[in-house]
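Visitor: Hello! I am new to protein structures, and I would love a close look at a single part of this one. Could you pick a part and walk me through it slowly?

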Amino acid sequence: MNDSIDLRQLRYFLAVSEELNFSRAALRLHISQPPLSRQIRQLEEQLGVQLFLRSKTGVTLTEAGNVFLPEVKLTLQQAEKAISVARAARSLNGGKFVIGYTTVFERSVIPDVTQELLPRFPDWQILSRGNYSVNLVREVKNGTMDAAFIGLHTDTQDLAVEKIIDDPLVVALPADHRLTSKRSISFADLRDEPMFWFERRMNPGFYDHCQTFFQRIDFKVNVIPEPADHHIMLGLIAEGKGIALVPTSLQCIKRQGVVFRKLKEVTNGLSMGIAIAWSRQNPSPVLPPFLDMVRQVRDRRNTK
């Protein structure tokens, strides 16, 4: 490899190759688009090959780009592993352990074992941050996050995954909606109702799971774009802008003007849940006791 090619350029290439759009890749990398484009052009010049075909609608990988992509992934994974091993070697003097959690669920439903971890690892930083499940999985794979609570049905290839919580879907309705008179609601009741729904790119695995279920019961979502924040969405529901399918845990958010009703069809295959995902190659000494504590919380809840 050319000595002047660095890991940053490889991360930029990976982001563009996965998003196939410079604007989305720049947003994901938290940079503006012009420097991203410059770095990709510079990388192509250094390699002496064109990696992307550009068009007004986006980009596609060239043959050289397709060959380059798996090698870049391996290089970045190995680099992150080397960094993790080096950091783990100083475990007696402390380090950093990063926990991710999906923002789709209410935070309180996700096991929080930070207070139990701190006495055992007093010199360590135990950090947590929220994001969409697909982004959390990417961070765990890249080694920038040690473990993550993700929504079920997320693509977690190459990671270890354990189911932690079931959180059935319920219907969130405006308080004055005609269906609030019912104790439980069927999808036949919801036909043609404007419904807040997420884009597939937010979680392709769960999106496809839902679409398979909807096709089986011959139901089509009358889609309204879903806001990123569920507090905002509940506010829009209270204003009568639409309805939504949400995890049961969101009922703990007391929003005036919003009521929740059970779904009749949940037991027939449509569900949400939370799993913990981690890499088996992660050498962090904090990971095994962290997983044990999470399992203990899960088991206590299941016996109640």
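Guide: Happy to! Let us start with a word we will need: a residue counts as buried when its relative accessible area is under 20%, as exposed when that value is over 50%, and as partly exposed in between. Please keep in mind that this is a predicted model.

Our part is Phe-198 and its surroundings. Phe-198 has a relative accessible area of 14%, and because the limit for buried is 20%, Phe-198 counts as buried. Trp-197 is buried too, with a relative accessible area of 6%.

What do the rings of Trp-197 and Phe-198 do? Their centres are 5.0 Å apart and their planes meet at 35°. Planes under 30 degrees apart would count as stacked and those over 60 as edge-to-face, so the pair of Trp-197 and Phe-198 is called tilted.

These two rings also have company. Ring pairs join Trp-197 and Phe-198 with Phe-187, Phe-206, Tyr-207, Phe-213, Phe-214 and Phe-219 in a cluster. Across the structure, the count of aromatic pairs comes to 15.

Now for the space beside Phe-198. Phe-198 helps to line the second largest pocket, and it is among the residues that lie nearest the centre of that pocket, together with Val-104, Tyr-132, Glu-226 and Met-272. How many residues line the second largest pocket? The lining has 29 residues, and the pocket has a volume of about 510 Å³. Sorted by class, 19 of the lining residues are nonpolar, seven are polar and three are charged.

Several elements contribute to this lining. Helix H8 (204-216), helix H9 (230-238) and strand E11 (243-247) each give at least two residues. The largest share, three residues, comes from E11.

A little further along the sequence from Phe-198 we come to a charged pair. Arg-200 and Asp-208 meet through their side chains in a salt bridge, at 2.7 Å from N to O. Are these two residues buried or partly exposed? Arg-200 has a relative accessible area of 41% and is partly exposed, and Asp-208, at 32%, is partly exposed as well. Notice the contrast with the two rings we began with: Trp-197 is buried, and so is Phe-198.

It helps to set our part beside another aromatic pair. Phe-149 and Phe-290 have ring centres 6.2 Å apart, with 70° between the planes, and this pair is edge-to-face. The two residues belong to distant parts of the chain: Phe-149 sits in strand E5 (residues 147-151) and Phe-290 in helix H10 (residues 287-302), 141 residues apart. Both have low values for accessibility: Phe-149 is buried at 2%, and Phe-290 is buried at 1%.

Phe-149 and Phe-290 also take part in lining an enclosed space. The structure has one cavity of 30 Å³ or more, and the largest cavity has a volume of about 70 Å³. Along with Phe-149 and Phe-290, its lining includes Ile-99, Gly-100, Tyr-101 and Arg-107. Strand E3 (residues 96-102) supplies the largest share of that lining, three residues. By class, the lining divides into six nonpolar, three polar and two charged residues. How can such spaces be found at all? Rolling a probe the size of a water molecule over the atoms shows where empty space is left.

One last comparison, this time for the salt bridge. The whole structure has 15 salt bridges, and one of them joins Glu-44 to Arg-54, with the closest N and O atoms 3.1 Å apart. Glu-44 is in helix H3 (residues 33-47) and Arg-54 is in strand E1 (residues 52-55), so this pair ties together parts that are 10 residues apart in sequence. Glu-44 is buried, at 10% relative accessible area, whereas Arg-54, at 40%, is partly exposed.

So here is the picture to take away. Phe-198 is a buried residue that forms a tilted ring pair with Trp-197, belongs to a cluster of rings and lies among the residues nearest the centre of the second largest pocket.

Technical notes
Residues are numbered from 1 along each chain as its sequence is written. This is a predicted model: local features need pLDDT of at least 70, side-chain atom pairs count only at pLDDT 80 or more; totals for chains, interfaces and linings use all residues. Side-chain values use heavy atoms; hydrogens and water are left out. A salt bridge is a side-chain nitrogen of Lys or Arg within 4 Å of a carboxyl oxygen of Asp or Glu. Helices (H or I, at least four residues) and strands (E, at least two) are DSSP runs, numbered from the N terminus. Buried means under 20% relative accessible area, exposed over 50%, partly exposed in between (1.4 Å probe, protein chains only). Rings of Phe, Tyr and Trp (its six-membered ring) pair if their centres lie within 6.5 Å; planes under 30 degrees apart count as stacked, over 60 as edge-to-face and the rest as tilted. On a 1 Å grid over the protein atoms alone, a cavity is a set of points where a 1.4 Å probe fits but cannot get out, and a pocket is an open set with protein on both sides within 12 Å along at least five of seven lines; lining residues have an atom within 4 Å of a point. Grid points are joined across faces, edges and corners, and a volume is the space filled by probe spheres set on the points. Ala, Val, Leu, Ile, Met, Phe, Trp, Tyr, Cys and Pro count as nonpolar, Asp, Glu, Lys and Arg as charged, and the others, Gly among them, as polar.
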